[in-house]
Amino acid sequence: MSPMKHIVPLALLLAAACGGDSRAAETEAADSAAPARPPVAQPPSPAAVGTTWATNPASGVTLTPGEVTVIETGPHALLWPQGAAELAPPYSVRASLRKRAGRLHEGYGLIFGASGLEGDEAGQRYSYFLVRGDGSYLIKRRDGAQTPVVRDWTRHPDIARDANGQGRHNDLEVRVEADSVTFLVNGGPVATVPASDLLVSGRAGLRVAHDVVVETQGFAAEPGTVAP
């Protein structure tokens, strides 16, 4: 066979090269002419949306909502998420709180097992877990006019104390089981009490003493057992 049959004419090679460049240019032009795809909208995270709070009293309490909600009280106040479901054991409640301003011995923290929150104190029933600036915690319950103390103000090293006239962040959590309730601050347990000493079925929220400014974030009330 003659070697000349395997030689591709130079003209054909040049034509193919020019054709390839032409097709590439056409593709680039089409891509540049295509409209840009709009970005896909992402739903905001629950933390960005924040919690919509109901309060009692409805006046005398100022809320500045956001990922961090700022609560300024006149009288002491109860707060709970609007439309909050009632919970029965087992469940957990948690929130991060920090006092911006207020006296050292004014308490703030979580409520749970609550009912009658919209009415006056004679009809309110709930348990509460508070901390204050001297590094103490309190466990009580309200049953109408009665407010028996379950665990009086007790200091604990896991609770961050006020410093330089301001509070520091404390992460509070309550783990409610059928027979017992465990209270945690900054991840460490500070007390466990019998569930029979408390009100454990109902809504959950916050309680803030009078004349303080407190910021809160990360509130959650979730059914189910939390592993220790």
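Colleague: Let's start with Asp 211: how does its relative accessibility class it?

Modeller: The general idea is a three-way split: buried is under 20% relative accessible area, exposed is over 50%, and partly exposed is in between, with a 1.4 Å probe and protein chains only. Asp 211 has 44% relative accessibility, so it counts as partly exposed. Before we go on, a word on the source: this is a predicted model, where local features need pLDDT of at least 70 and side-chain atom pairs count only at pLDDT 80 or more, while totals for chains, interfaces and linings use all residues. Residues are numbered from 1 along each chain as its sequence is written, and side-chain values use heavy atoms, with hydrogens and water left out.

Colleague: Thanks! What is the sign of phi at Asp 211, and where does the residue lie?

Modeller: Most residues other than glycine have a negative phi, and most peptide bonds are trans. Asp 211 has a positive phi, near 60°, and lies in the loop between β13 (203-208) and β14 (213-223). Strands here are DSSP runs of E, at least two residues, and helices are runs of H or I, at least four residues, both numbered from the N terminus. Asn 186 is a further non-glycine residue with a positive phi, about 55°. You will find Asn 186 in the loop between β11 (180-185) and β12 (188-194), and at 35% relative accessibility it counts as partly exposed.

Colleague: And the peptide bond from Asn 56 to Pro 57, is it cis or trans?

Modeller: The bond from Asn 56 to Pro 57 is cis, with omega near 5°. Pro 57 sits in the loop between β1 (53-56) and β2 (61-64). The bond from Pro 89 to Pro 90 is also cis, with omega near 0°, and Pro 90 belongs to the loop between β4 (77-81) and β5 (91-101).

Colleague: How should I read the open sheet, and what is the order of its strands?

Modeller: Strands of a sheet pair through backbone hydrogen bonds, either parallel or antiparallel. Two strands count as paired if DSSP finds at least two bridges between them. The open sheet here has 7 strands in the order β2-β3-β14-β5-β10-β11-β12, with antiparallel pairing. β2 and β12 stand at the edges with a single partner strand each, so one side of each is left without a neighbour in the sheet. Inside the sheet, β10 (residues 170-176) pairs with β11 over 5 bridges, and Arg 175 has Thr 182 of β11 as its bridge partner.

Colleague: Which residues have the most contacts inside the largest nonpolar core?

Modeller: A nonpolar core is a set of buried Ala, Val, Leu, Ile, Met, Phe, Trp, Tyr and Cys residues joined through side-chain atoms within 4.5 Å. The largest one has 36 residues, and Phe 112, Phe 129, Val 181, Phe 183 and Leu 206 have the most contacts inside it. β5 gives the most to this core, with 4 residues. Another core, of 10 residues, lies apart from it and includes Ala 54, Ile 111, Leu 117 and Leu 130.

Colleague: What is Val 181 in contact with, beyond its neighbours within four places in sequence?

Modeller: Contact means heavy atoms within 4.5 Å. Among the partners of Val 181 are Phe 112, Val 174, Arg 175, Ala 191 and Leu 198.

Colleague: Finally, what is the mean pLDDT of the chain?

Modeller: pLDDT is the predictor's confidence in each residue, from 0 to 100. The chain's mean is 84, and 76% of its residues reach 70 or more. Over residues 1-49 the pLDDT is below 50, and this stretch has 4 contacts in the model beyond near neighbours in sequence.
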